[in-house]
Amino acid sequence: MSGIKAYGVAIPKRRIDATAIWDVWKNVSKDILEKMGMKERTVTGPDEDPISLGVDAAKRCLKQAGVNPETLDGLIFCSETNPYQTKSAASVIQDILGLRHDVFATDVQASARSGFDGIRIAKSLIDGGSAEQVLVIASDCLNQYMAPGHVYEYAAAAGAAALLISKEGCIAEIDGMTFASEDKANWFRLSGDRYMQLGAGFVGYISNWGLMDSLKQSWKAYADKYGVTPASFEHYALPQGTVVQAFMSSGAIGCDPYAALPYVVSEQTGDMGSAQVLISMCSILDLIDDASVKVGVVGYGWGDGSCVMGLTTTDHIGSVPNRPVVMPLLEQKEMIDYGMALKYEKKIDRAQKGFSSYY
Amino acid sequence: MGFDNLHGAIPKVEIHNTVKAYKEKAGRYRLQGVRCEDCGTLWFPRRFVCPKCQSQHLAPYLCMETGKVVTSWVDTMGFPAIGYEDIDTRVVAMITLDDGITVIAEIADEHLEVPKDTPVEMIIRAQKRDDTGNLTYGYKFKVCQ
Ligand SMILES: [Zn+2]
């Protein structure tokens, strides 16, 4: 059996208040903001991107595991906002972390479900005997690709999670994973596009309906294959681009929403793309000290696909050093205004040089 | 350049050249310097000849990623450095790593001078884009929480 040996998280320090965006655009009723649970979201600094955040999370993960990077057999970088459209970002991270050169390093893109796809590949490599330890990094900066004035600008944010998938010494075993996919007219960004666009209708139409539809299928596949019911899992990490999505997901699965709500972080962070659910999962692992606790982890990616992953904690989880990981990162913040956010997210059209009279 | 007597404390924040950036990536990514196999002195950035004993037997050495601030200053040129226009306040510090090596680097996410002896740790951030437009990543430091 393979599972999670260690985890690391990175959340940008800078945050913007949803009302600071609303003051500029006033493009939804304030009522909707509150109902969707959009309070604050992360903003990447001028020198932060999915690669730097991914490295940050990966270093924390390797430190928690106490593993020498040279012993890893693979690295999978999962992102829907990969800075490189040509060239592998995984190879950059592999070099930064100091992995050997004869490893399997690859990039995976399956919108916000990318991280789960990375875990699936890592697990298959390990179960098939091709690898012993694979590092999976899910990292996204949706905020950099959301158009100013779009209603999802209140939520689109950035963050990263790294998981060390291993054969031995796991803190949580992966019981199984099931997937569902379908072509749905959801969020997309073509090569060369500056911003993401919604395929059809308002945020609440295709993306939320697609979420419910897809989750029902992957959940049914999981329940049939592994003979579980919604009550089999004690804690849930659910899709949570906005807080309301966690409620909708619990409805689609049929689980108790209060098994997931304490671990919904999107009210403080916004939608961190492929890292979102995994960070929520890390916040669950932060709090468990006992073996044999069942955790349900459910992911959804735009346009469209979902995944259900079941975890069972092992004896090792009680002795994980430096926990909690997620809470201190949530608390560490610096509020910035909308003008600074636009500048940092590189959304202001400008000359490449010539910022002063000196050059 | 006249900086060699500072024993490795040469500012490496600016990357002027794609080839140089590529060749020095181990230093930028992992603080990889060298250790003189004859006199044992550690050097960062890497050297090809030991400035102390002129030996050419230098082995790769990974510097410690944690250290303490010796002194720091806010870049107050009044205009941003070329390639760093997005960063409104750049805090630069001289840092002594836990293995005794001194580096000069930017402290990320800070606006004010960082007090002496503040513990810091190495992080990776995007740096200036190189002369082909490619992204370059490299070390900065962050105040330990
Ligand atoms: Zn020497």
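1. Read from its N terminus to its C terminus, chain B runs α-α-β-β-β-β-β-β-β-β. That makes two helices and eight strands in this chain. Please keep in mind as you look around that this is a predicted model. Chain B has 145 residues, and 30% of them count as buried. Among the contacts in chain B with a separation of 6 or more, 52% are between residues 24 or more positions apart.

2. A good place to start in chain B is strand β7, residues 119-126. Six of the eight residues of β7(B) are buried, so the strand is mostly covered. On one hand, β7(B) pairs with β4(B), residues 66-74, in the antiparallel sense through three bridges. One pair to look for here is B:Gly67 with its bridge partner B:Val120 in β7(B). On the other hand, seven bridges link β7(B) to β8(B), residues 137-143, and this pairing is antiparallel as well. Here you can find B:Ala126 opposite B:Tyr137 of β8(B).

3. Two spots in the loops of chain B deserve a look at the backbone. The peptide bond between B:Phe44 and B:Pro45 is cis, with omega about -5°. B:Pro45 sits in the loop that runs between β2 (42-43) and β3 (58-62) of chain B. The other spot is B:Leu31, which is not a glycine and yet has a positive phi of about 55°. B:Leu31 belongs to the loop between α2 (25-30) and β1 (32-36) of chain B. Is B:Leu31 buried or exposed? B:Leu31 has 21 other C-beta atoms within 10 Å, and because 20 or more are enough for a residue to count as buried, B:Leu31 is buried.

4. Now to chain A, where three strands form an open sheet of mixed pairing, in the order β3-β2-β12. The edges are taken by β3 and β12 of chain A; each has a single partner strand, so one side of each has no neighbour in the sheet. Helix α1 (residues 18-25) of chain A packs on this sheet, where it touches β2 and β3 of chain A, and its direction makes about 50° with that of β2(A).

5. The pairings in this sheet can be followed residue by residue. Strand β2 (residues 14-17) of chain A runs antiparallel to β3 (residues 40-43) of chain A, with four bridges between them. A:Ile16 stands opposite A:Arg41 of β3(A), and A:Asp17 has A:Glu40 as its bridge partner. With β12 (residues 334-335) of chain A, β2(A) instead runs parallel, joined by two bridges. In that pairing, A:Arg14 is opposite A:Glu334.

6. Which residues touch the most other members of the largest nonpolar core? They are A:Ile93, A:Val136 and A:Ala161, in a core of 139 residues. Helix α3(A) gives the largest share of this core, eight residues. Apart from neighbours within four places in sequence, A:Ile93 is in contact with A:Ile51, A:Gly54, A:Val55, A:Ala58, A:Leu75, A:Phe77 and A:Ile137.

7. Helix α7 (residues 243-253) of chain A is another element to inspect. Its buried residues are A:Gln245, A:Ala246, A:Met248, A:Ser249, A:Ser250, A:Ala252 and A:Ile253. Just after α7(A) comes A:Gly254, with a positive phi near 95°.

8. Chain A has its own loop details to check. The peptide bond from A:Gly303 to A:Asp304 is cis, with omega near 10°. A:Asp304 is in the loop between β10 (294-301) and β11 (305-313) of chain A. A:Ser111, although not a glycine, has a positive phi of about 40°. Its loop lies between β5 (104-108) and α5 (114-127) of chain A. A:Ser111 counts as buried, because it has 24 C-beta neighbours inside 10 Å.

9. Finally, the contact between the chains: 23 residues of chain A and 18 residues of chain B take part. On the side of chain A that touches chain B, α3 (50-65), α4 (89-97) and α11 (338-344) of chain A each supply at least two residues. The largest share, four residues, comes from α3(A). By type, the residues on this side of chain A are 11 nonpolar, five polar and seven charged.

Notes: Residues numbered from 1 in each chain as written. Chains lettered and ligands numbered in written order. Predicted model: local features only at pLDDT ≥ 70, side-chain atom pairs only at ≥ 80, totals over all residues. Contact = placed C-beta atoms within 7 Å. Nonpolar A, V, L, I, M, F, W, Y, C, P; charged D, E, K, R; others polar. Pairing = 2+ DSSP bridges. Buried ≥ 20, exposed ≤ 12 C-beta atoms within 10 Å, placed from the backbone. Axes fitted to C-alpha atoms, helices over the stretch in contact; angles between N-to-C directions. Core = buried A, V, L, I, M, F, W, Y, C linked by C-beta atoms within 7 Å.
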